[in-house]
Amino acid sequence: MVARSEKVAGTMEKLLGGEVYHYHTKLMMKEAHTGGSFVWHQDYGYWYKNGCLYPLMLSAMIAIDRATKENGCLQVLRQSHKIGRINHGSSGEQLC
């Protein structure tokens, strides 16, 4: 499992300063230039709603195919981790 590899888990331990555990895995399959987009969000907002009250977690993304702005890659807002938790709204049972 990639999440347990030294490259992933070892790097996370160095960044967080201690032992880590695997919380969640998700595979997103989306054809380039098609399908839905994902709105800007902060992962900690989801973690908080699931009972993780402190942001002592990291997200990792491993692209299987080439990811570019043109085909819809992940984009990150520089230093957004410094603004604190952003609450998510909800639509039914779905957080958004």
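## Around Asn 87 and the aromatic cluster of H2

Asn 87 turns up in the loop that runs between H2 and strand S1 (90–91). In this predicted model, Asn 87 is exposed, its relative accessible area being 59%. The side chain of Asn 87 still finds a partner: it makes a polar contact with the side chain of Arg 85, at 2.3 Å. Asn 87 also comes back towards a much earlier part of the sequence, since its C-alpha atom and that of Gln 42 are separated by 8.6 Å with their positions 45 residues apart along the chain.

Gln 42 sits in another loop, the one between helix H1 (6–16) and H2. With a relative accessibility of 16%, Gln 42 falls under the 20% cut-off and so counts as buried. A polar atom of the Gln 42 side chain lies 2.7 Å from the backbone nitrogen of Ile 86. Taken together, Gln 42 is linked to the stretch around Asn 87 in two ways: by the C-alpha separation of 8.6 Å from Asn 87 and by the 2.7 Å approach to the backbone of Ile 86.

As for the overall layout, the chain has two helices and two strands, and they follow the pattern α-α-β-β when read along the sequence. The C-alpha trace spans about 40 × 30 × 25 Å along its principal axes. Of the 96 residues in the chain, 12% count as buried. Gln 42 is one residue that counts as buried, at 16% relative accessibility.

Now to the aromatic residues. How many aromatic pairs does a search of the whole structure find? The answer is two aromatic pairs. In one of them, the ring centres of Tyr 44 and Trp 47 are 6.4 Å apart and the planes meet at 55°, so this pair is tilted. Both Tyr 44 and Trp 47 belong to helix H2, three residues apart, or about one turn of the helix. Tyr 44 counts as buried, with 10% relative accessibility, and Trp 47 counts as buried too, at 12%. Tyr 44 also forms an aromatic pair with Tyr 48, this one edge-to-face, with 6.1 Å from centre to centre and 85° between the planes. Again both residues, Tyr 44 and Tyr 48, are in helix H2, here four residues apart, about one turn of the helix. Tyr 44, Trp 47 and Tyr 48 thereby make up one aromatic cluster.

Why does the Tyr 44 and Trp 47 pair count as tilted, and not as stacked or edge-to-face? Planes under 30 degrees apart are called stacked and those over 60 edge-to-face, with the rest tilted; the 55° of Tyr 44 and Trp 47 therefore makes that pair tilted. For Tyr 44 and Tyr 48, the 85° is over 60, so that pair is edge-to-face.

Tyr 48 has more going on. Its place is in helix H2 (residues 43–49), and it is partly exposed, with a relative accessible area of 30%. Tyr 48 joins Leu 53, Tyr 54 and Leu 56 in making a nonpolar surface patch of about 460 Å². Over the ring of Tyr 48 sits the charged end of Arg 85, 3.4 Å from the ring centre. Arg 85 is also the residue whose side chain makes the 2.3 Å polar contact with the side chain of Asn 87. Tyr 48 thus has a part in the aromatic cluster, in the nonpolar patch and in the arrangement with Arg 85.

The loop between H2 and S1 holds a few further points. His 88 lies in this loop and counts as buried at 12% relative accessibility, whereas Asn 87 is exposed at 59%. The C-alpha atoms of His 88 and His 24 are separated by 19 Å, and the two residues are 64 apart along the chain. Gln 79 is found in the loop between H2 and S1 as well, and it is partly exposed, with a relative accessible area of 48%. Most residues other than glycine have a negative phi. Gln 79, although not a glycine, has a positive phi of about 60°.

At the other end of the chain, Ser 5 lies in the segment before H1. Ser 5 is partly exposed, with a relative accessible area of 25%, and its side chain reaches the backbone oxygen of Val 2 at 2.8 Å.

Terms used. Residues numbered from 1 in each chain as written. Predicted model: local features only at pLDDT ≥ 70, side-chain atom pairs only at ≥ 80, totals over all residues. Heavy atoms only, no water. Patch = residues over 30% accessible without salt bridge, like charges linked within 9 Å, V, L, I, M, F, W, Y side chains within 5 Å. Areas by Shrake-Rupley, 256 points an atom, 1.4 Å probe, with all protein chains shown as cover. Salt bridge = Lys/Arg side-chain N within 4 Å of Asp/Glu carboxyl O. Buried < 20%, exposed > 50% of the residue type's maximum accessible area, 1.4 Å probe, protein only. Polar contact = N/O pair within 3.5 Å; in protein donor to acceptor, adjacent residues only side chain to side chain. Phe/Tyr/Trp six-rings, centres within 6.5 Å; stacked < 30°, edge-to-face > 60°. Lys NZ or Arg CZ within 6 Å of the ring centre and 35° of its normal.
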